[in-house]
Amino acid sequence: MGLFKNYVSQTRKPEGFLGKMMIKGMNSGHAKMADWGMEHLKTEALSEIIDIGCGGGRNAGELLRKYPSAKVTAIDYSPLSVEQAAAYNKDAIAQGRCAVQQGDVSSLALEENGYDLATAFETIYFWPGLEQCFTEVAKVLKPGGYFMIVNESDGLDAASQKFEKIIDGMKTYTVDQIEAALRAAGFGKIKTDHHKSKPWITVIARKGE
Ligand SMILES: C[S@@+](CC[C@H](N)C(=O)[O-])C[C@H]1O[C@@H](n2cnc3c(N)ncnc32)[C@H](O)[C@@H]1O
């Protein structure tokens, strides 16, 4: 595998030295997009939040700042992401406000009906089947709980089409494809937004009617 392919493929499941570099790059490189996505969230008090595919944990940290009375559980199937996200959020972990766990979204070993909000930043491209994974997310959300997806790609932009060809197992989605999978997984009300000048999308779906 060429170095470039090896490096960009670290987005799928970071590991080793290149994975560590990629995680640092994602924490800073995704910040503007993630913050734009989070602006769509209401500021009402939430108690339990899960960030799935947490990578280096920067977004979990921002959720902790936005929701000062909430506990944030950050999940990733990469042991390196778990290690890095735990280091990033070590103070919140010590305060009992954050937990970082290894887990795969396709089979979430978490409390059913336990979470007010689930977030997924730049990660659904790698999930093994949207509908099945969204069904898992719905399972752990409280009735009426929200699931927010934030992607740098709207499924049509040239850059992501290029990366899809390079990174094995990556698949980009349009808003329509995401909406269809969410509805099939038991989500009702869905709101979407497209950034005015970039191919960024935010999709927020409510569990139930
Ligand atoms: C491109 S990174 C994004 C990381 C972070 N959310 C961000 O915005 O910087 C994708 C992350 O999703 C994780 N991931 C991919 N598939 C996953 C799965 N099936 N279950 C849990 N995590 C997954 C990867 O290990 C990686 O850390």
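Is Gly96 buried or exposed, and how many other C-beta atoms lie within 10 Å? Gly96 is exposed, because just 8 other C-beta atoms lie within 10 Å, and a residue counts as exposed at 12 or fewer. Keep in mind as you read that this is a predicted model. The points below start with Gly96 and other single residues, then move on to helices and the ligand.

**Exposed residues in loops and at the start of the chain**

- You will find Gly96 in the loop between helix H6 (90-94) and strand S3 (98-102).
- Look from Gly96 to Val72: these residues are 24 apart along the chain, and their C-alpha atoms are separated by 9.6 Å.
- Gly2 sits in the segment before helix H1 (3-8), and Gly2 is exposed because 8 other C-beta atoms lie within 10 Å.
- Try tracing from Gly2 to Ala45: they are 43 residues apart in sequence and 47 Å apart in space, C-alpha to C-alpha.
- Ser107 belongs to the loop between S3 and S4, and Ser107 counts as exposed because 10 C-beta neighbours lie inside 10 Å.
- Ser107 and Glu136 are 29 residues apart in sequence, while their C-alpha atoms are 6.5 Å apart in space.

**Residues with a positive phi**

- Asn113 is not a glycine, although its phi is positive, at about 55°.
- Asn113 lies in the loop between S3 and S4, and Asn113 is exposed because 12 other C-beta atoms lie within 10 Å.
- Glu122 is another residue that is not a glycine and has a positive phi of about 55°.
- The place of Glu122 is the loop between S4 and H7.
- Why does Glu122 count as buried? Glu122 counts as buried because it has 22 C-beta neighbours inside 10 Å, and the cut-off for a buried residue is 20 or more.
- Gly186, found just after helix H9, takes a positive phi of about 100°.

**Helix H3 and its partner H4**

- Helix H3 covers residues 31-38 and helix H4 covers residues 58-66; their axes come within 11 Å and cross at roughly 35°.
- That crossing of H3 and H4 is right-handed.
- On the H3 side of the contact you can pick out Ala31, Ala34, Asp35 and Met38, which meet Arg58, Asn59, Glu62 and Lys66 in H4.
- Sorted by class, the residues of this contact between H3 and H4 are 3 nonpolar, 1 polar and 4 charged.
- Which residues of H3 are buried? They are Met33, Ala34 and Gly37.
- These buried residues are on the same side of H3, because they cover an arc of only 95° around the axis.
- An α-helix has 3.6 residues a turn, so residues three or four places apart point the same way.
- The cover over the buried residues of H3 includes H4, strand S4 (115-121), strand S5 (141-151) and strand S7 (201-207).

**Helices H9 and H7**

- In helix H9 (residues 175-184), the buried residues are Ile178, Ala181 and Leu182.
- Seen down the axis of H9, these buried residues fall within an arc of 100°, so they line one face of the helix.
- Covering the buried residues of H9 are elements that include helix H7 (130-140), S5, strand S6 (187-194) and S7.
- Ala138 is a residue of helix H7, and Ala138 is buried because 21 other C-beta atoms lie within 10 Å.
- Leaving aside residues up to four places away in sequence, Ala138 touches Ala185, Gly186, Phe187 and Lys207.
- Ala138 and Asp35 are 103 residues apart in sequence and 24 Å apart in space, C-alpha to C-alpha.

**Around the ligand**

- How many residues surround the ligand? There are 22, and the closest are Gly53, Gly55, Ser78, Phe121 and Thr123.
- By class, this shell around the ligand contains 9 nonpolar, 9 polar and 4 charged residues.

Methods: Residues numbered from 1 in each chain as written. Predicted model: local features only at pLDDT ≥ 70, side-chain atom pairs only at ≥ 80, totals over all residues. Axes fitted to C-alpha atoms, helices over the stretch in contact; angles between N-to-C directions. Helix = DSSP H or I, 4+ residues; strand = E, 2+ residues; numbered from the N terminus. Left-handed = near helix turned anticlockwise from the far one by under 90°. Contact = placed C-beta atoms within 7 Å. Nonpolar A, V, L, I, M, F, W, Y, C, P; charged D, E, K, R; others polar. Near = placed C-beta within 6 Å. Arc of directions from axis to C-beta.
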